Amino acid sequence: MGLALVSRPFVGSLVTTYVVEFSTGLRFVSEGELDGVALTVDELHEQAVRNLAAHVGQRQLRTPEYHGIRPVLLDGNFEVSVMFLQEPWDSFESQFGERSILAVAPTRDILACCPASSPAGRAQLGQLIDRVWPTGDHRLTRDFYRRVDGTWHLDSSV
């Protein structure tokens, strides 16, 4: 089996990797394993998104309002992965009254968002990054991401 992990670019510096859940924990999927089951990366990705949606459906995804931002809380492992789903983002667009959402994903288990037009929300997202970055577990990025019309983009207006 190959030791290289199956991965693909997502947006900005975020990269998608895939895991299989066992009773003993999570294990990353290697390229050799993917070859062994005759799946393409695109097929694996589609299956992973379906599995993620089912996983979210079995748990209570929480999105409490916290000042001007909304943290996305799931299970401590797959928060940032929620960016792949259409929900809750379509709901946020309705609640925010706009089709542009700003989000940050400084660590694997921290995802938060706000309306892209909110200067206070943008500032609070920046403060969140600054607060968790020095000691954050599984740090990912200090970047801001903007979701427009169902697609995530690196936000260059920060």
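Leu-5, Val-19, Leu-26 and Phe-28 make up a nonpolar patch on the surface of the predicted model, with a combined accessible area of about 320 Å². Patches consist of residues with over 30% relative accessible area and no salt bridge, like charges being joined within 9 Å and nonpolar side chains (Val, Leu, Ile, Met, Phe, Trp, Tyr) within 5 Å. Accessible areas were computed by the Shrake-Rupley method with a 1.4 Å probe, and for residues only the protein chains shown count as cover. Within the patch, Val-19 belongs to strand β3 (residues 19–22); helices (H or I, at least four residues) and strands (E, at least two) are DSSP runs numbered from the N terminus. Val-19 is partly exposed, at 32% relative accessible area, where buried means under 20%, exposed over 50% and partly exposed in between (1.4 Å probe, protein chains only).

The model is predicted, and local features therefore need pLDDT of at least 70 and side-chain atom pairs pLDDT 80 or more, whereas totals for chains, interfaces and linings use all residues. Residues are numbered from 1 along each chain as its sequence is written, and side-chain values use heavy atoms, with hydrogens and water left out.

The largest nonpolar core (buried Ala, Val, Leu, Ile, Met, Phe, Trp, Tyr and Cys residues joined through side-chain atoms within 4.5 Å) holds 21 residues. Met-83, Trp-89, Leu-111 and Trp-152 have the most contacts inside this core. Two or more residues are contributed by each of α2 (41–58), α3 (89–96), β6 (100–107) and β7 (110–115). A separate core of eleven residues includes Ile-69, Leu-102, Val-104 and Phe-144. Beyond four places in sequence, Trp-89 is in contact (heavy atoms within 4.5 Å) with Val-72, Val-82, Met-83, Ile-101, Leu-111, Cys-113, Arg-147 and Trp-152.

Helix α2 also contains Val-56, which is buried at 13% relative accessible area. Apart from neighbours within four places in sequence, Val-56 contacts Leu-61, Leu-74, Val-82 and Leu-85. Between the C-alpha atoms of Val-56 and Gly-32, which are 24 residues apart along the chain, the separation is 28 Å. In the loop between α1 (31–36) and α2 lies Ala-38, an exposed residue at 65% relative accessibility. Ala-38 and His-138 are 100 residues apart in sequence, and their C-alpha atoms are 31 Å apart in space.

Ten salt bridges were found in the whole structure, a salt bridge being a side-chain nitrogen of Lys or Arg within 4 Å of a carboxyl oxygen of Asp or Glu. Glu-93 takes part in a salt bridge with Arg-99, with 3.1 Å between the closest N and O atoms, and in another with Arg-147, at 2.7 Å from N to O. The latter pair connects distant parts of the chain, with Glu-93 in helix α3 and Arg-147 in strand β8, 54 residues apart. Glu-93 is buried at 7% relative accessibility, and Arg-147 is buried at 1%. Asp-149 forms a salt bridge with Arg-99 at 3.3 Å, N to O. Asp-149 is in the loop between β8 and β9 (151–154) and Arg-99 in the loop between α3 and β6, so this pair ties together parts 50 residues apart in sequence. Asp-149 is exposed, with 53% relative accessible area. Through shared partners, salt bridges join Asp-90, Glu-93, Arg-99, Arg-147 and Asp-149 into one network.

Ser-100 is located in strand β6 and is buried, with a relative accessible area of 13%. The side chains of Ser-100 and Arg-146 are joined by a polar contact of 3.2 Å. A polar contact is a pair of N or O atoms within 3.5 Å; within protein, one must be able to donate a hydrogen and the other to accept it, and residues adjacent in sequence count only if both atoms are side-chain atoms. Neighbours within four places in sequence aside, Ser-100 is in contact with Pro-115, Ala-116, Arg-146, Arg-147 and Val-148.

Thr-141 occupies the loop between α4 (119–132) and β8 (144–148) and is buried at 4% relative accessibility. Its side chain makes a polar contact of 3.2 Å with the side chain of Ser-13 and reaches the backbone nitrogen of Asp-143 at 2.9 Å. Excluding neighbours within four places in sequence, Thr-141 contacts Ser-13, Leu-14, Ala-105, Pro-106 and Trp-133.
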